[in-house]
Each structure stands twice: as C-alpha cells, then as structure tokens.
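Here are my notes on the pockets and helix packing, as promised. Have the structure open while you go through them.

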Amino acid sequence: MRHRIFNEDGDEELVFVMGWGNRWTHENVSWLVGQLTEAGYRVHAFELPTNIDDFKADWLEPVAEYVRDLEEYQLLGHSAGALVAQALDGADNHVYLGPWWGYGEGFPEPLLEAVAKLPTTFPCLPVGDMDRAALGSKATDHQIATTPSWVSPAFVRETRRAQDELLTIDHDAVVFCSLRDPVVSLRAIGERVPAEHVVLYDGGHELFSSGSRERHVDTLLAALEDGAEAVEEPEDAAEERPQVSA
C-alpha cells in the first residue's frame with residue numbers, strides 16, 4: 001500500500017483513505033488534497049491496492065497500524081476507503097464520501113455470490129464502465145485511462161465479507177453521496193447513517209469529480225472540523241419551516 005504525506009507543516013492531522021483505483025496523481029484527487037492542505041491539514045493519504053485476497057491484511061491492517069501512532073486526527077474515506085475507514089480507531093470526526101458499504105444495483109447479489117466462490121486471485125472480472133457518467137463530469141481522461149478494468153473473484157469475496165461485517169458507524173459521522181451513484185448501495189448508507197447526517201450532491205460516484213464540488217467544499221471542511229454539528233439543522237430552523245397539511 002502506498003502512503004504519502006502532504007503539507008508536512010500542517011496544524012492538524014488528517015488521514016485520507018482513497019477509493020479503489022484513486023491515485024494522488026489524478027487531477028481531481030489532487031484538487032481535493034489541495035483543499036485539505038489549504039485548510040491547514042497535514043494529510044496522510046493512502047492508495048489502496050486494486051487487487052486483494054485478504055481485506056484485513058491487504059487494506060485494513062496497514063492503515064490501522066499507521067494511525068496508532070497519531071494522537072489526534074480527522075478521518076476522511078472515499079468509496080472503498082470508507083470501507084477501510086469505518087474500522088479504524090481514534091479519529092475525532094469521520095467523514096465518508098460515497099462510502100462503498102454495499103455493491104450498487106448494477107451488481108446483482110446472485111452474480112456476486114457466484115463469482116465470489118471461484119478459487120482464483122486473478123483479475124478476470126470486468127468492473128463495468130468507470131467513465132464520466134459514473135464518476136462525475138470532471139473526471140479526467142488520465143483518471144479514466146488509469147483506472148483498472150478488472151477485479152478478481154477473491155476481491156469480490158473479501159470486499160463482500162468486509163461489507164457484511166461492518167461495524168456500527170460512528171454516531172457523529174457525516175456522509176456525502178449522490179442519488180445517481182452507480183457504484184455503491186444507497187440502501188447500505190441509509191441503514192447506517194441518519195438522514196440528517198447525509199449531504200447530497202449532484203453528480204456521480206466521486207464528489208471531487210462532481211461538477212458541484214465547489215459548492216460542497218466548505219461543508220466538507222466544516223464536517224471534518226465539527227462532525228455532524230456542521231450539517232445538522234438547528235432546532236429553531238426546523239420549527240420555523242412551514243408545515244404542509246394533508
């Protein structure tokens with residue numbers, strides 16, 4: 001697993017576990033890292049291996065061992081990175097972008113169950129279109145060209161197992177997601193995070209590749225700093241909202 005620190009002189013620690021196929025050389029990932037460093041964070045960024053045969057050994061344990069040496073930090077996980085991040089200890093606030101806590105509707109459960117039984121670690125299963133329609137309108141040609149097109153049955157087996165063994169999501173966690181995300185299960189998000197802690201954006205799977213990303217930067221930074229308080233509606237505002245009669 002590759003790891004890199006951005007902004008060594010940052011005032012606060014932030015652990016960013018990127019999604020499957022993300023690289024910090026991708027322009028849109030770099031844009032997000034830039035927003036974080038400009039906000040004063042010392043960003044510890046992790047690139048996940050794109051082929052695994054053991055979720056804990058290949059994805060979780062390297063990051064978990066690293067964060068044990070951090071006394072205080074904020075946690076940001078995108079997609080598969082959010083599958084890893086939900087199992088980490090010690091973060092003050094947890095923010096998840098398009099968390100991959102379940103496969104999207106385009107991946108039928110019977111098919112996943114069948115391919116997961118194949119005894120091979122060879123990447124022989126197509127992942128489908130990871131284009132601008134899926135990722136977001138600002139996804140770049142370089143990003144799309146360097147995103148892997150195949151995964152192994154072992155990858156499917158291990159990620160499904162990790163999703164089945166999800167821990168209770170921190171009560172103060174904030175999720176950013178799109179209703180048009182073809183990659184993740186929105187149901188899996190709704191079952192684990194209260195609606196008032198979910199921020200919807202217009203776009204595909206990646207907030208940082210979304211055409212609406214600029215509108216959500218301040219909210220994202222506020223959620224990292226203050227947790228769910230940054231997105232919860234004040235009680236007096238809810239009381240003043242007009243009521244609709246049946």
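1. Which way does α1 pass α9, in a left-handed or a right-handed crossing? Keep in mind that this is a predicted model. In it, the crossing of α1 past α9 is right-handed. Helix α1 covers residues 27-38 and helix α9 covers residues 213-226. Their axes come within 11 Å and cross at roughly 50°. An angle from 35 to under 65 degrees counts as oblique, so α1 is oblique to α9.

2. Now for the side chains at that crossing. From α1 you'll find N28, W31, L32, Q35 and L36. They meet R213, E214, V217, L220, L221 and L224 in α9. Sorted by class, this contact has seven nonpolar, two polar and two charged residues.

3. The other helix pair to look at is α4 with α7. In this case the axes come within 8 Å, and the crossing angle is roughly 120°. That makes this pair oblique too, α4 to α7. As for handedness, α4 passes α7 in a left-handed crossing.

4. Which residues of α4 meet α7? They are E109, L112, E113, V115 and A116, and on the α7 side their partners are P153, V156, R157 and R160. The class count for this contact is five nonpolar, no polar and four charged residues.

5. On to the empty space. The largest pocket holds about 470 Å³. It is lined by 27 residues, and Y103, F107, V127, M130 and V151 are the closest to its centre. Two or more lining residues come from each of α4 (109-116), β6 (125-126) and α7 (153-164). The largest share is that of α4, with three residues. By class, you get 16 nonpolar, 10 polar and one charged residues in this lining.

6. What is the volume of the second largest pocket? About 240 Å³. Its lining has 14 residues, with G102, Y103, E109, Q163 and D164 nearest the centre. Each of α4, α7 and α8 (186-190) supplies at least two lining residues, and α7 gives the most, three residues. The class split here is six nonpolar, three polar and five charged.

7. A last pointer for when you rotate the model: follow Y103 and E109. Y103 is among the residues closest to the centre of the largest pocket, and Y103 is also among those nearest the centre of the second largest one. E109 is one of the α4 residues that meet α7, and E109 is listed among the residues nearest the centre of the second largest pocket as well.

Notes. Residues are numbered from 1 along each chain as its sequence is written. This is a predicted model: local features need pLDDT of at least 70, side-chain atom pairs count only at pLDDT 80 or more; totals for chains, interfaces and linings use all residues. Side-chain values use heavy atoms; hydrogens and water are left out. On a 1 Å grid over the protein atoms alone, a cavity is a set of points where a 1.4 Å probe fits but cannot get out, and a pocket is an open set with protein on both sides within 12 Å along at least five of seven lines; lining residues have an atom within 4 Å of a point. Grid points are joined across faces, edges and corners, and a volume is the space filled by probe spheres set on the points. Helices (H or I, at least four residues) and strands (E, at least two) are DSSP runs, numbered from the N terminus. Ala, Val, Leu, Ile, Met, Phe, Trp, Tyr, Cys and Pro count as nonpolar, Asp, Glu, Lys and Arg as charged, and the others, Gly among them, as polar. Axes are lines fitted to C-alpha atoms, for helices over the stretch in contact, and angles run from 0 to 180 degrees between N-to-C directions. Angles under 35 degrees count as roughly parallel, over 145 as roughly antiparallel, 65 to 115 as roughly perpendicular and the rest as oblique. A crossing is left-handed if the near helix is turned anticlockwise from the far one by less than a right angle, and right-handed if clockwise. Contact means heavy atoms within 4.5 Å.
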